[in-house]
Amino acid sequence: MPCVHKFESYLNLEGLDFVPTTLIVGTFNPSWPADNTAEWFYGRTHDEHGNQNNNFWDVLPRLYGEESLIHAGANEWKAFCRRKQIAITDLIFSIDDAAERDPEHVALLRSYSDKAIATAFHQHTPVDVVNLLQQNPSIQNVFLTRGTGETFWRKLWKPVIQFADANNKYEARLLTPSGYAFYQHGRHNRRNPGNRIDDLADFILAAWREVWDPLQQ
């Protein structure tokens, strides 16, 4: 059977009890394997060894001058989004050629790898982000929490860029908040020995501020 998004009921923003002004878009959170312990979007903040592996709930509150929510839970995350009028969705609703009884597919999804989503599977049902923007005209700012270097993700995001440009919306791509940002982090520190940023989360925060700050101008 297909692997549907773990939080599918949130993807179309139908249950919001506030008027959103900002939309943050990720990639995919699988409903299986069963050991996916995420409570909500970006909820796998630590791996099975207790190591921090996603900095989203550390970085996003700090953008607003608030304390990190990395050790909080879904209720606190949702309350923060409500106060800041932030809606969250993902680009993929389901992976339709994934088979739960196929150990290889289970292992691929357990890796939570965007590359695996894009290359190991070939039948995807996307979330219609442009339609979400049309149905929620209060949204003025839309962010993708990854780059679009790969053709698969670029194809999905291009209509969002075009819609934003045509409708005076602010669109930007953010550095991934996942541990994969260590590549850019290491490159920055090698190239800027006099301006090192030792902590990965602090580096991601600095990168996000570069594209978020225009909203404050």
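# Salt bridges, strands and burial in a predicted model

Colleague: How many salt bridges does the structure hold?

Modeller: Residues are numbered from 1 along each chain as its sequence is written, and this is a predicted model, where local features need pLDDT of at least 70, side-chain atom pairs count only at pLDDT 80 or more, and totals for chains, interfaces and linings use all residues. Side-chain values use heavy atoms, with hydrogens and water left out. A salt bridge is a side-chain nitrogen of Lys or Arg within 4 Å of a carboxyl oxygen of Asp or Glu. The number of salt bridges in the structure is 10.

Colleague: Which residue forms a salt bridge with Asp202?

Modeller: In this salt bridge the closest N and O atoms are 3.0 Å apart. Asp202 lies in helix H8 and its partner in helix H1, so the pair ties together parts that are 140 residues apart in sequence. Helices (H or I, at least four residues) and strands (E, at least two) are DSSP runs, numbered from the N terminus. The partner of Asp202 is Arg62.

Colleague: Why does Asp202 count as partly exposed?

Modeller: Buried means under 20% relative accessible area, exposed over 50%, and partly exposed in between (1.4 Å probe, protein chains only). Arg62 is partly exposed too, with a relative accessible area of 21%. Asp202 counts as partly exposed because its relative accessibility is 33%.

Colleague: Which residue forms a salt bridge with Arg83?

Modeller: The closest N and O atoms of this salt bridge are 3.0 Å apart. Arg83 is in helix H2, and its partner is 17 residues apart from it, in the loop between H1 and H2. That partner is Glu66.

Colleague: Which side chain meets that of Glu66 in a salt bridge of 3.2 Å, N to O?

Modeller: The second side chain of this salt bridge belongs to a Lys. The Lys is in helix H2, 18 residues apart from Glu66. With a relative accessible area of 23%, the Lys is partly exposed. Its name is Lys84.

Colleague: Which residues do salt bridges with shared partners join into one network?

Modeller: The Asp202 and Arg62 salt bridge was met above. The network formed through shared partners also takes in Asp58. Its members are Asp58, Arg62 and Asp202.

Colleague: How many of the eight residues of helix H1 are buried?

Modeller: Helix H1 (residues 56-63) is mostly covered. Its buried residues are Phe56, Trp57, Asp58, Val59, Leu60, Pro61 and Leu63. Their cover includes S2, helix H2 (74-84), strand S3 (86-90) and helix H8 (200-212). The count of buried residues in H1 is seven.

Colleague: In which sense do S6 and S7 pair?

Modeller: Two strands pair if DSSP finds at least two bridges between them. S6 and S7 have four bridges, and Leu144 stands opposite Arg173 in S7. Strand S2 (residues 22-26) also pairs with S6 over four bridges. The sense of the S6 and S7 pairing is parallel.

Colleague: Which residues of strand S6 are buried on its two sides?

Modeller: In a regular strand the side chains alternate between the two faces of the sheet. Strand S6 (residues 141-144) is covered on both faces. On one side the buried residues are Asn141 and Phe143, and on the other they are Val142 and Leu144.

Colleague: Which are the edge strands of the open sheet S1-S4-S5?

Modeller: In this sheet of three strands the pairing is antiparallel. An edge strand here pairs on one side only. The edge strands are strand S1 (3-4) and strand S5 (124-126).

Colleague: Which side chain of opposite charge is nearest to Lys169?

Modeller: Lys and Arg count as positive and Asp and Glu as negative, while His and the chain ends are not counted. Lys169 is buried yet has no salt bridge. Leaving aside neighbours within four places in sequence, Lys169 is in contact (heavy atoms within 4.5 Å) with Pro137, Ile139, Gln140, Phe163 and Ala164. At 12 Å, the nearest side chain of opposite charge is that of Asp165.

Colleague: What is the accessible area of the nonpolar patch on the surface?

Modeller: Patches are made of residues with over 30% relative accessible area and no salt bridge; like charges are joined within 9 Å, nonpolar side chains (Val, Leu, Ile, Met, Phe, Trp, Tyr) within 5 Å. Accessible areas come from the Shrake-Rupley method with a 1.4 Å probe, and for residues only the protein chains shown count as cover. One member, Phe182, counts as partly exposed at 45% relative accessibility. Together Tyr180, Phe182 and Tyr183 have an accessible area of about 360 Å².
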